[in-house]
Amino acid sequence: MQNYHQMSLKLLANVFATPKGRASMSDPERAKSLIEFCTKSFNSCNHKVAFHAAIVLFNYLLAFESLNKRSILTLLEQAVQAIDQVL
């Protein structure tokens with residue numbers, strides 16, 4: 001199961017490489033789901049899963065750095081808390 005989780009995260013990290021992929025992830029509901037998925041992944045016992053989740057979240061934040069993130073602020077705070085617990 002962990003390998004599928006890791007593979008999913010690797011694929012998600014690459015979605016930001018194309019304009020079509022970035023456009024699909026600009027949907028607010030998809031953004032929320034993505035951040036929630038990353039937050040859950042940070043709690044994985046497999047360090048590779050947590051690493052790829054960090055890459056996905058970082059790519060999301062870079063791809064949409066100019067967008068207003070008020071609607072996802074609580075989710076981002078939860079993600080940072082999950083990262084903090086791992087560290």
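The following paragraphs describe the overall fold of a single protein chain and then four of its residues. The model is a predicted one, and every value reported here was computed from it.

Taken as a whole, the protein chain is helical: its secondary structure amounts to five helices, with zero strands. Reading along the sequence gives the pattern α-α-α-α-α. The C-alpha trace spans about 30 × 25 × 20 Å along its principal axes. For 87 residues, a compact globule would be expected to have a radius of gyration near 12 Å, and the protein chain, at 12 Å, agrees with that expectation. Contacts across the sequence also help to describe the fold: among contacts with a separation of 6 or more, 65% join residues that are 24 or more positions apart.

Turning to the surface, about 5800 Å² of the protein chain is exposed, and carbon and sulfur atoms supply 58% of that area. Of the 87 residues, 34% are buried. The chain carries 9 positive and 6 negative charges, and the mean positions of these two sets lie 9 Å apart.

Helix 3, which covers residues 28-41, includes Ser41. Ser41 has a relative accessibility of 1% and therefore counts as buried, the cut-off being under 20%. Its side chain reaches the backbone oxygen of Phe37 at a distance of 2.7 Å. Leaving out residues up to four places away in sequence, Ser41 touches His5, Leu9, Val49, Ala50 and Ala53.

One of these partners, Ala53, offers a view of the contact from the other side. Ala53 sits in helix 4, made up of residues 47-63, and its relative accessibility of 0% places it among the buried residues. In sequence, Ala53 and Ser41 are 12 residues apart, while their C-alpha atoms are 6.1 Å apart in space. The contacts of Ala53 beyond four places in sequence are with Leu9, Cys38, Ser41 and Phe42. Leu9 thus appears in the contact list of Ser41 and in that of Ala53.

Glu36 is another residue of helix 3. At 39% relative accessibility, Glu36 counts as partly exposed, whereas Ser41 in that helix is buried. Glu36 is also paired here with a residue from farther along the chain: Leu75 is 39 residues away in sequence, yet the C-alpha to C-alpha distance between Glu36 and Leu75 is 6.9 Å.

Helix 2 runs over residues 19-25 and contains Met25. Met25 is buried, with a relative accessible area of 8%. Not counting residues up to four places away in sequence, Met25 touches Val15, Phe16, Arg30, Ala31, Leu34, Tyr60 and Phe64. Among these partners, Arg30, Ala31 and Leu34 fall within the residue range of helix 3, 28-41, and Tyr60 falls within that of helix 4, 47-63. Phe58 is 33 residues from Met25 in sequence, and the C-alpha atoms of the two are 13 Å apart in space.

Definitions and conventions
Residues numbered from 1 in each chain as written. Predicted model: local features only at pLDDT ≥ 70, side-chain atom pairs only at ≥ 80, totals over all residues. Heavy atoms only, no water. Helix = DSSP H or I, 4+ residues; strand = E, 2+ residues; numbered from the N terminus. Rg over C-alpha atoms; globule rule 2.2 N^0.38 Å. Buried < 20%, exposed > 50% of the residue type's maximum accessible area, 1.4 Å probe, protein only. Contact = heavy atoms within 4.5 Å. Areas by Shrake-Rupley, 256 points an atom, 1.4 Å probe, with all protein chains shown as cover. Lys, Arg positive; Asp, Glu negative; His and termini not counted. Charge placed at Lys NZ, Arg CZ, Asp CG, Glu CD. Polar contact = N/O pair within 3.5 Å; in protein donor to acceptor, adjacent residues only side chain to side chain.
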